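Me: Hi! Could you walk me through this model while I have it open?

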Amino acid sequence: MELIKKTGVIASAILMSGVLIHSAYDKPTDETAKKEHYVPSEIDFAGEKTPLTISDVAERFDRELLVNANLDATTKIIIKRANRAFPVIEPILKKNGVPDDFKYLAVIESGLVNVTSPAGAKGVWQFMPDTARERGLEVNDIVDERYDLKKSTEAACTYLLNAYKKFGSWTLAAASYNGGVTGVNKQITFQGVSNYYDLLLTDETARYVFRILALKEIMQHPERYNFVVPQSEMYQLLPVKTVDVTSSIPDLAVFAKEQGINYKILKIHNPWLRDRKLDVASGKGYIIEIPLKGY
């Protein structure tokens, strides 16, 4: 009888533990809920509709959406940075007649920070030195305006407007930012089609616009992908005063202290300053931004 009682207790314990384990695995958690994959039925780039009814187009969009929706930390940081960068980029795009969607091109190029590619492209818009100079940016060891968000956005606008004039399509203009105007045009001529979604391109250029679309979808509808970030956690665009500089500054650390900040803060807010000094040629001038708070 005692053995039967013990056996019954053990059996009950096993049964209960099994129920608990089963319940734990069956119960939907916040994490599994987060991983539910939402795909919109339609999307466009710069007003040009993406043909999601074409099988490979739908799959390529789905791939980029799935990848970026699950890059939790990376995508959340980009959303935080956008709160600071987009207010600078958006009015420049608008002023130049470039669709607002191109701000997402900057997102996939750099994550909205000044980075350097293995090939040597720099800045938020990832210009190579020669291309930057062709677009009116100063690039040398003292000053590199690829790191100036306002000026590099202006330069990107000139590139994109020229590409749109060539192709008559904002989607192809975006693709050419990665594949080059010449490279994309060569494929259009060879393949006999003039729509990005009909072209067979290199893997990187073939993914390029879909990456833009994925980030656009996620950043416009963050709640669908569990990326809701409180405004208090967003990175802020700090108020600044500007200083017109028309003569050389031999020591930027001394200059920074004279402005009530330090060298680190000066370089953070003016990353285009690439040396410890600033040489100013006769008749030339620069505008340096000095933050009014946040340091």
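Reply: Happy to; below we go from the whole chain to some helices and then to single residues. This is a predicted model, where local features need pLDDT of at least 70, side-chain atom pairs count only at pLDDT 80 or more, and totals for chains, interfaces and linings use all residues. Residues are numbered from 1 along each chain as its sequence is written, and side-chain values use heavy atoms, with hydrogens and water left out.

Me: Great. How many helices and strands does the chain have?
Reply: The chain has 12 helices and 6 strands. These are DSSP runs numbered from the N terminus, with helices being H or I of at least four residues and strands being E of at least two.

Me: And what share of the residues is buried?
Reply: Buried residues are 40% of the 295 in the chain. Buried means under 20% relative accessible area, exposed means over 50%, and partly exposed is in between, with a 1.4 Å probe and protein chains only.

Me: What about the surface, how much does the chain expose?
Reply: About 16,400 Å² is exposed, and carbon and sulfur atoms supply 55% of that. The areas come from the Shrake-Rupley method with a 1.4 Å probe.

Me: Let's pick a helix. How many residues of helix 5 are buried?
Reply: In helix 5, 8 of the 8 residues are buried, so the helix is largely enclosed by the rest of the structure. Among them are Lys 103, Glu 109 and Ser 110, along with Tyr 104 and Leu 105.

Me: What covers them?
Reply: The cover includes helix 4 (72–96), strand 3, strand 4, helix 8 (170–179) and helix 10.

Me: Helix 10, nice. At what angle do helix 5 and helix 10 pack?
Reply: Their angle is about 110°, with the axes 9 Å apart. Axes are lines fitted to C-alpha atoms, for helices over the stretch in contact, and angles run from 0 to 180 degrees between N-to-C directions. Helix 5 and helix 10 are therefore roughly perpendicular. For the wording, under 35 degrees counts as roughly parallel, over 145 as roughly antiparallel, 65 to 115 as roughly perpendicular and the rest as oblique.

Me: Which residues make that contact?
Reply: Helix 5 brings Tyr 104, Leu 105, Val 107, Ile 108 and Glu 109, and helix 10 brings Tyr 208, Arg 211, Ile 212, Leu 215, Lys 216, Met 219 and Gln 220. Contact means heavy atoms within 4.5 Å. By class, the contact of helix 5 with helix 10 has 8 nonpolar, 1 polar and 3 charged residues. Here Ala, Val, Leu, Ile, Met, Phe, Trp, Tyr, Cys and Pro are nonpolar, Asp, Glu, Lys and Arg are charged, and the others, Gly among them, are polar.

Me: How do helix 3 and helix 10 cross?
Reply: The axes of helix 3 (residues 55–69) and helix 10 (residues 203–220) come within 8 Å and cross at roughly 60°. The two helices are therefore oblique to each other.

Me: Who meets whom there?
Reply: On helix 3 the residues include Arg 60, Phe 61 and Glu 64, while those on helix 10 include Ala 206, Phe 210 and Leu 213. The contact of helix 3 with helix 10 has 10 nonpolar, 1 polar and 7 charged residues.

Me: Tell me about Ala 206. Buried or exposed?
Reply: Ala 206 is buried, at 14% relative accessibility. Leaving aside neighbours within four places in sequence, Ala 206 contacts Arg 60, Tyr 196 and Leu 201.

Me: New topic: where is Thr 50?
Reply: Thr 50 sits in the loop between strand 2 (48–49) and helix 3. Thr 50 is buried at a relative accessible area of 2%. Not counting residues up to four places away in sequence, Thr 50 touches Ile 43, Asp 44, Phe 45, Val 57, Tyr 197 and Leu 213.

Me: Back to the backbone. Which residue just after helix 5 has a positive phi?
Reply: That is Gly 111, with a phi of about 70°. Leu 112 also has a positive phi of about 70°, although it is not a glycine. Leu 112 lies in the loop between helix 5 (103–110) and strand 3 (115–116), and counts as buried at 7% relative accessibility.

Me: And what is the phi of Gln 126?
Reply: Gln 126 has a positive phi of about 55° and is not a glycine. Gln 126 is in the loop between strand 4 (122–123) and helix 6 (129–134).
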